[in-house]
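Please find below my notes on this model, set out as numbered points. They take up backbone geometry, the ligand site and the enclosed spaces in turn.

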Amino acid sequence: MSRQDSIGVSEAEIAVHWQEEKLYYPSTSFIAQANMTDATLFDRFSLDNFPECFKEYADLLTWDKYWHTTLDTSDAPCFKWFVGGRLNASYNCVDRHLAENRNKAAFIWVSEQENEPDVVLTYQELYVRVNEFAALLQDYCGLKAGDRVTIHMPMVPELPITMLACARLGVIHSVVFGGFSGRACGERISDSGSSVLVTMDAYYRNGQLLNHKEKADEAVHIAASEDQIVKHVLVWQRYPGKYSASTPMVEERDVFVNDLVKKYRGQRVEPVSMPAEAPLFLMYTSGTTGRPKGCQHGTGGYLSYVAGTTKYVQDIHPNDVYWCMADIGWITGHSYIVYGPLSLGATSVLFEGVPTYPDAGRPWRIAERLNVNIFHTAPTTIRMLRKAGPDEPNKYNFNFKHMTTVGEPIEPAVWKWYHEVIGKGKAAIVDTWWQTETGGFLCSTMPALHPMKPGSAGPAMPGIHPLILDEDGNPIPAGAGKAGNIVIQNPWPGQFQTIWGDRDRFVRTYFGKYNKNAHSTDWRDWPYFPGDASMQAEDGYFRILGRVDDVINVAGHRLGTKELESACLLVPEVAEAAVVPVADEVKGKMPEIYISLKPGFTASKEIEQKVIQAIDTSIGKIARPKHVWIVPDMPKTRSGKIMRRVLAAVSNGMDVGDVTTLANPEVVASVKKMVQGEGGEADFYG
Ligand code: PRX
């Protein structure tokens, strides 16, 4: 991948020069077994049949009380789905499978330590453990429907158990990715108003047993500084009966769940029948401004949408072994490890570790041993595995019928390696485009109905009706060869309900650009703007080009540039900071940081380290910059704005364009020399 192909000042401009790829067709054997082979599906989900078409997804669930109104738009754009209906998510994911599938594995957990045995959790065991933990949450913590609980845990069976125990009580869970720092967790505790934090003492990553409990102490401290008091810290143990962290437990506040839950042995908690529109969970995601947004997902709409898309797009059958290698701490894990697969009674593999430890053959050994036949991961992982062991998959005897890619655009060359080497030229691939906010897939091929096109997500999902608009709101037709802003014309059940505690920001961010009548209760006036640029080929396939705002997509996860810049400014020597995305062979994009120092300080490795440390503590290692450049000054407009566009061009070895109108054009040359060296060539993948 050359630097020029991979990133640009304007991504849209570059993408239009990408060539169309040839189509790949699903095999006849795949089609013969697929869950969805009926092309009239798309007629049933046409705009004429909206919103009633979504009854088809809702009928995959068990309702305590059937709804009377499919879509209520009276508080648009906070849409309510399946109003009047009542259900419980934990009942739908666990209890209702017992009669037929009590002994079936819900999860097969694989430790990062290759010599440790798997933990198989049957639906019966899941039922028992969810009930006992729900009893603890209710009795010991006094939690009830509508309360929030923050969960900061690694990839262990206790994580979905905790989520489902919350859902059983109608308690809203907010899972924070385990790799996030204590500070990031604390801010989310405070925003969500959680008085209970569920965590774990330790977990394995790259062969190291990491102390995770210490993050809980920091999180509680940060939350307290924002006036949110955490009363209970519930600590699961990685090795039950043994404490694996060196951080002391805090008396009264901290308790080992493994001990305490024994008191609730055999207890059953009646699943609380929740209104369809009651919030099920919050999932925080980055936006253009500093504060992460708590995306609030509802119960009935969300669960219907993930059940429907899991069945048809993930194509899971009762006897399949499905492995989504995402982390449950992201939306992919919520929708397509926990709620989607469990609502269908499927068997999922849960993996604790990193895919390249101890070597790049690890995922393929797991797939071979467990006979995984549906595999789900992100382009960044595919690139990493390809780089670390391009021929590794050939050494193992595994066979995927179906594979997913999610989280960021996949380069056609990487897609082809995925198809040929991992999919052995046979697997059907779905490139699923969606977001934390959307709950489930928006665009993807329907695996037995559509051919695949490397680099393109494909057509829209049933019942999703996208359009590409220019800045003025005029549609850009398919095949125009021009990119624009993709919008979804209609609401759908998986769509998030609001930003927790900030309805105005919700309306402004996602609907402000194209809504013309703020008082309208007609859904047609509220196209949803996800913030991505896209172009539509003549055949209707959408190619997603990336974010249009100030968000960097690192390894398939959104990081707000403002969040990173604020972290840099915590270092006392730093005067100004600018964060730009730089192309990276494995992660897609990485943040690169430019800082200038306050007068009296000189550049040093030590300051660089302090900046990296500040990012690690404020956000987590996932946000680690590729480089920190300490520059004498930032290129600025005459009005004093830092020209991030110019810095991004320098970082990516591209033409900086005309800089003569800047307040300090000479700075550009010196920054360029520093970053790209005398010859003008950056140490690109160094
Ligand atoms: O820019 C799009 C990109 O990831 C963003 C959503 O990130 P997040 O909320 O963290 O959710 C990731 C998992 C769904 C989108 O706005 N994105 C996601 N999937 C794709 C993608 N870009 C291109 N192709 C995809 N398949």
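1. Pro 358 sits in the loop that runs between strand S17 (348-351) and helix H15 (362-370), and in this predicted model the peptide bond leading into Pro 358 from Tyr 357 is cis, with omega near 0°. A second cis peptide bond deserves the same attention from a reader who checks backbone geometry: the one that joins Ala 76 and Pro 77, where omega is about 5°. Pro 77, for its part, is placed in the loop between strand S1 (69-72) and S2. Most peptide bonds are trans.

2. Helix H15 also borders the loop that holds Asn 371, whose other neighbour is strand S18 (374-377). Asn 371 is not a glycine, yet its phi is positive, at about 60°. Is Asn 371 buried or exposed? With a relative accessible area of 56%, Asn 371 counts as exposed, because the cut-off for that class is over 50%.

3. Asn 206 is another residue other than glycine with a positive phi, here near 50°, and its place is in the loop between strand S9 (202-205) and strand S10 (208-211). The relative accessible area of Asn 206 is 43%, so this residue is classed as partly exposed. For context, most residues other than glycine have a negative phi.

4. Turning to the ligand, 17 residues surround it, and the closest of them are Asp 431, Thr 432, Thr 436, Asp 532 and Arg 558. By class, this shell is made up of five nonpolar, seven polar and five charged residues. Strand S20 (428-432) and strand S25 (542-547) each supply at least two residues of the shell.

5. Which atoms of the protein lie 2.8 Å from a nitrogen atom of the ligand? For Thr 432, a backbone N or O atom is found at that distance. The ligand's oxygen atoms have partners as well: one lies 2.8 Å from an N or O atom in the side chain of Arg 558, and an oxygen atom of the ligand is also 3.2 Å from a polar side-chain atom of Asn 553. On its own the ligand has 540 Å² of accessible area, of which the protein covers 97%.

6. The second largest pocket holds about 270 Å³ of space. Its lining consists of 16 residues, and those closest to the pocket's centre are Trp 109, Val 119, Glu 158, Arg 238 and Pro 240. Divided by class, the lining of this pocket has nine nonpolar, two polar and five charged residues.

7. As for enclosed space, there are four cavities of 30 Å³ or more, and the largest cavity has a volume of about 90 Å³. The largest cavity is lined by 15 residues, with Phe 79, Trp 81, Pro 493, Gln 495 and Gln 497 nearest its centre. Seven of the lining residues are nonpolar, six are polar and two are charged.

8. Which elements supply at least two residues each to the lining of the largest cavity? These are strand S2 (80-83) and helix H13 (300-312), and H13 gives the largest share, three residues. Strand S2 thereby links this point with the first one, since the loop between S1 and S2 is where Pro 77 is placed.

How values were computed:
Residues are numbered from 1 along each chain as its sequence is written. This is a predicted model: local features need pLDDT of at least 70, side-chain atom pairs count only at pLDDT 80 or more; totals for chains, interfaces and linings use all residues. Side-chain values use heavy atoms; hydrogens and water are left out. A residue is near a molecule or strand if one of its heavy atoms lies within 4 Å of it. A polar contact is a pair of N or O atoms within 3.5 Å; within protein, one must be able to donate a hydrogen and the other to accept it, and residues adjacent in sequence count only if both atoms are side-chain atoms. Accessible areas come from the Shrake-Rupley method with a 1.4 Å probe; for residues, only the protein chains shown count as cover. Helices (H or I, at least four residues) and strands (E, at least two) are DSSP runs, numbered from the N terminus. Ala, Val, Leu, Ile, Met, Phe, Trp, Tyr, Cys and Pro count as nonpolar, Asp, Glu, Lys and Arg as charged, and the others, Gly among them, as polar. On a 1 Å grid over the protein atoms alone, a cavity is a set of points where a 1.4 Å probe fits but cannot get out, and a pocket is an open set with protein on both sides within 12 Å along at least five of seven lines; lining residues have an atom within 4 Å of a point. Grid points are joined across faces, edges and corners, and a volume is the space filled by probe spheres set on the points. Buried means under 20% relative accessible area, exposed over 50%, partly exposed in between (1.4 Å probe, protein chains only).
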